Amino acid sequence: MSMNAASQTSGGSQHASPEGADQASRARCEITPIEHKVEPDNRLVMAHDPFDPRCEKIRALRTELLLRRESMDRADIVALLSPCAGEGRSLLAAELAIAFAQTGRPTLLVDADLRRPQQHLLFGTDNRQGLAQAIEYEIKPQPHTVHGLPRMSVLTAGAVPSNPLELLSSSSFASIVEDWRNNFDFVVIDTAPVTHFSNGLAVARVVGRVLALSRAQHTPYKDMQDMLRRLAATRSQILGAVISHF
């Protein structure tokens, strides 16, 4: 990415040096570090009412995933995929990440739904900068810290880009994922619904481990079957299937 710059003086025009243009370009793309902590929304029961029956189900799911953990030396990364919108995928991703963080281990929640992101709404924060900008400009992501959960970080999706599938299919995204593997114990990734967008499949290909989600009395059986068929092409491991009831 390059940018031409010139400054006008009373005696005519003076062109900026290539070095100056490069500096201006980098400044334009820089992501400002995030200092404040975000607050979990009341919908995130795991953060507010540990005795709620839903929390026990989330903890049971956490245990199942811990039993399937590949390595103790690198982060266990799982992407949540579902066929359609309105299946509770974003809520489950957030509560599962909270459950992992409550074990006292460094946990990252990532919003990789670059179409209709939701995690910034669940944590009441700004979404102008996030994963999309980190991938596009090859800049280290700046996640939020979470109030009351000192071991948890949240990386929002950022402003919706014009080319989400290309970003999530890029080597820049793969490099960011490798960095997460070395700096966290658990990473939970929210994605876009697979029936309408291929973004989640691109994430699954990079991450390699998937939790499939459907909603009772909502998700068409053929849509779930089609998602599982398309997932097979990514060669990612399907850790299990979750049926939500709400």
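This is a short dialogue on reading pockets, helices, cores and backbone angles in a predicted model.

Trainee: What should I keep in mind before I start?

Mentor: The model is predicted: local features need pLDDT of at least 70 and side-chain atom pairs count only at pLDDT 80 or more, while totals for chains, interfaces and linings use all residues. Residues are numbered from 1 along each chain as its sequence is written, and side-chain values use heavy atoms, with hydrogens and water left out.

Trainee: How is empty space found, and what volume has the largest pocket?

Mentor: Rolling a probe the size of a water molecule over the atoms shows where empty space is left. On a 1 Å grid over the protein atoms alone, a pocket is an open set of points where a 1.4 Å probe fits, with protein on both sides within 12 Å along at least five of seven lines; lining residues have an atom within 4 Å of a point. A volume is the space filled by probe spheres set on the points. Here the largest pocket has about 840 Å³. Among its 33 lining residues, Arg-54, Glu-87, Gly-88, Leu-92 and Ser-244 are the closest to the centre.

Trainee: How do I read a helix, say helix 8?

Mentor: Helices are DSSP runs (H or I, at least four residues), numbered from the N terminus. The expected span is 1.5 Å times one less than the number of residues. Helix 8, residues 171-183, has 13 residues and reaches 19 Å from first to last C-alpha, close to the 18 Å expected. Buried means under 20% relative accessible area and exposed over 50% (1.4 Å probe, protein chains only). Helix 8 buries Ser-172, Phe-173, Ile-176, Val-177, Trp-180 and Arg-181.

Trainee: Which residues have the most contacts inside the largest nonpolar core?

Mentor: A nonpolar core is a set of buried Ala, Val, Leu, Ile, Met, Phe, Trp, Tyr and Cys residues joined through side-chain atoms within 4.5 Å. The largest has 35 residues, and those with the most contacts inside it include Phe-173, Trp-180 and Ile-189. Helix 9 (residues 199-207) gives the most to this core, with six residues. Contact means heavy atoms within 4.5 Å; leaving aside neighbours within four places in sequence, the contacts of Ile-189 include Trp-180, Val-203 and Val-207.

Trainee: Is Glu-138, with its positive phi, buried or exposed?

Mentor: Glu-138 has a phi of about 55° although it is not a glycine, and counts as exposed at 66% relative accessibility. Gln-217 has a positive phi of about 60°, and at 84% Gln-217 counts as exposed.

Terms used
Helices (H or I, at least four residues) and strands (E, at least two) are DSSP runs, numbered from the N terminus.
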